[in-house]
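With the model open in a viewer, please follow the selections below in order, keeping a cartoon representation on screen and adding surfaces when the tour turns to empty space.

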Amino acid sequence: MIIVKTIKEMQHNMKEVKRTGKTIGFVPTMGYLHEGHLSLIERAKQESDFVAVSIFVNPLQFGPNEDFDRYPRNIERDKKLAEEAGADVLFCPDTKEMYPDKPVVTVSVNRRTDALCGKSRIGHFDGVATVLTKLFHIVLPDKAFFGLKDAQQVAVVQGLVDDFNFPIEIVGCETKREADGLAKSSRNVYLTEEERKQAHHLYQSLGKAQGWLSDCDSGETEQKMIKYLEEHTVGTVEYCKVLSYPELLPPEKDDEKLIIALSVRFSKARLIDNVIIDNVLVKQGSGEETCSVH
Ligand code: AMP
């Protein structure tokens, strides 16, 4: 695996790879790699001839009170893990390389961002779309692999690629979980022992919500999720939502897919999780459903 730190060298290398007719799979990350990231690299390896991984903690996608400065970093460990998982090149530019100056142009996301994380993380998805626009032009991938743990990000990136006509296929990959169901995340290291013990209830609540949705409407299901999480964790529930996917609008009976998503704030980590399911709301509006919160 080669390690590249400059845009010029990376673009040159990738053009050379393209010239040989190889397909390029790309996995953008912020590093501190775990099995979730590695599963994306492995999937990229299966579906492409050449795999590029990037590690860049993008300041543009962090709000002023977020964890940019203390985001976990361990580049030496990451190099080893990325190589073992099958990366051919690791692109790890520093901030000055990516943003030598205040950008003249940034990307602004108009839809799919006023719910879930986008609602409170103002400007976050603009930052994501801006850095990916740069990275797509640097890496020149045929396919880019993203985790559905960040399902809103996948919805936004699909919009970016569609609207700006990037010739790139976006592949959404399933969430890798710990044995107890907790979604793997670089931020899990910030959980206290007690919080870690409780954190499996996030995934539990998503399973329960799927059951509740067969009897209750989406609003009642959200309320039951909040109650469950408040009873079983010390975290503060930021949101529990049932929405259409990928539009992230209040669900209607003819939506094909729904997302059940949650965010819980613990003392030093804000954790998110979701499941995407076939729409089960076809019976809604019959006026029959009564659903007690217990
Ligand atoms: P990050 O480094 O957090 O920006 O994540 C880089 C990529 O890894 C994103 O596409 C994430 O959605 C994906 N990812 C993060 N956690 C997981 C997980 N537990 N399972 C699968 N993919 C994940």
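**Starting at one bridge**

Begin by selecting Val4 and Phe91, since Phe91, in E4, is the bridge partner of Val4. Bear in mind throughout that this is a predicted model. Widening the selection to strand E4 (residues 89-91) and to E1 shows that 3 bridges join the two strands, which run parallel.

**The sheet and the helix across it**

Next, select the strands E1 to E6, which form an open sheet with parallel pairing, in the order E1-E4-E3-E2-E5-E6. Its edges are strand E1 (2-4) and strand E6 (169-173), each of which pairs on one side only. If you look along the sheet, neighbouring strands are turned against each other by 25 degrees on average, direction ignored. Now add helix H6 (residues 124-139), which lies across strand E2 (24-29), strand E3 (50-55), E4, strand E5 (143-147) and E6, and runs at about 145 degrees to E2.

**Two domains**

Colour residues 2-173 as domain 1 and residues 186-282 as domain 2, the two parts into which the protein is divided. The centres of domain 1 and domain 2, taken over C-alpha atoms, are separated by 26 Å. Where the two meet, 23 residues of domain 1 are in contact with 19 residues of domain 2.

**The enclosed spaces**

Turn now to the interior, where a search of the whole structure finds 2 cavities of 30 Å³ or more. The largest cavity holds about 910 Å³ of space, and to centre the view on it you can select Met30, His37, Lys149, Asp150 and Gln153, which of its 50 lining residues lie nearest its centre. Elements that give two or more residues to this lining include E2, helix H2 (35-47), helix H5 (116-120), strand E8 (257-265) and strand E9 (270-278). Which element gives the most to the lining of the largest cavity? The answer is H6, with 6 residues, the helix already seen lying across strands of the sheet. Coloured by class, the lining of the largest cavity shows 24 nonpolar, 17 polar and 9 charged residues, and at least three residues are drawn from each of domain 1 and domain 2.

For the second largest cavity, with about 40 Å³ of space, select the residues that line it: Lys149, Leu182, Ala183, Ser185, Asn188, Leu202, Leu271, Ile272 and Asp273. E9 supplies the largest share of this lining, 3 residues, and by class the lining has 5 nonpolar, 2 polar and 2 charged residues.

**The open pockets**

Finally, display the pockets, beginning with the largest, in which about 340 Å³ of space lies. Asn65, Glu66, Asp67, Arg265 and Arg270 are the closest to its centre among the 17 residues that line it. The lining of the largest pocket comprises 4 nonpolar, 4 polar and 9 charged residues, and each of domain 1 and domain 2 contributes at least three residues to it.

The second largest pocket has a volume of about 290 Å³, and of its 14 lining residues, Val109, Asn110, Gly159, Leu160 and Asp163 are the closest to its centre. Helix H7 (residues 151-163) gives the most to this lining, with 6 residues, while the division by class is 7 nonpolar, 3 polar and 4 charged.

Terms used. Residues are numbered from 1 along each chain as its sequence is written. This is a predicted model: local features need pLDDT of at least 70, side-chain atom pairs count only at pLDDT 80 or more; totals for chains, interfaces and linings use all residues. Side-chain values use heavy atoms; hydrogens and water are left out. Two strands pair if DSSP finds at least two bridges between them. Helices (H or I, at least four residues) and strands (E, at least two) are DSSP runs, numbered from the N terminus. Axes are lines fitted to C-alpha atoms, for helices over the stretch in contact, and angles run from 0 to 180 degrees between N-to-C directions. Contact means heavy atoms within 4.5 Å. On a 1 Å grid over the protein atoms alone, a cavity is a set of points where a 1.4 Å probe fits but cannot get out, and a pocket is an open set with protein on both sides within 12 Å along at least five of seven lines; lining residues have an atom within 4 Å of a point. Grid points are joined across faces, edges and corners, and a volume is the space filled by probe spheres set on the points. Ala, Val, Leu, Ile, Met, Phe, Trp, Tyr, Cys and Pro count as nonpolar, Asp, Glu, Lys and Arg as charged, and the others, Gly among them, as polar. Domain bounds come from an automatic or database domain assignment.
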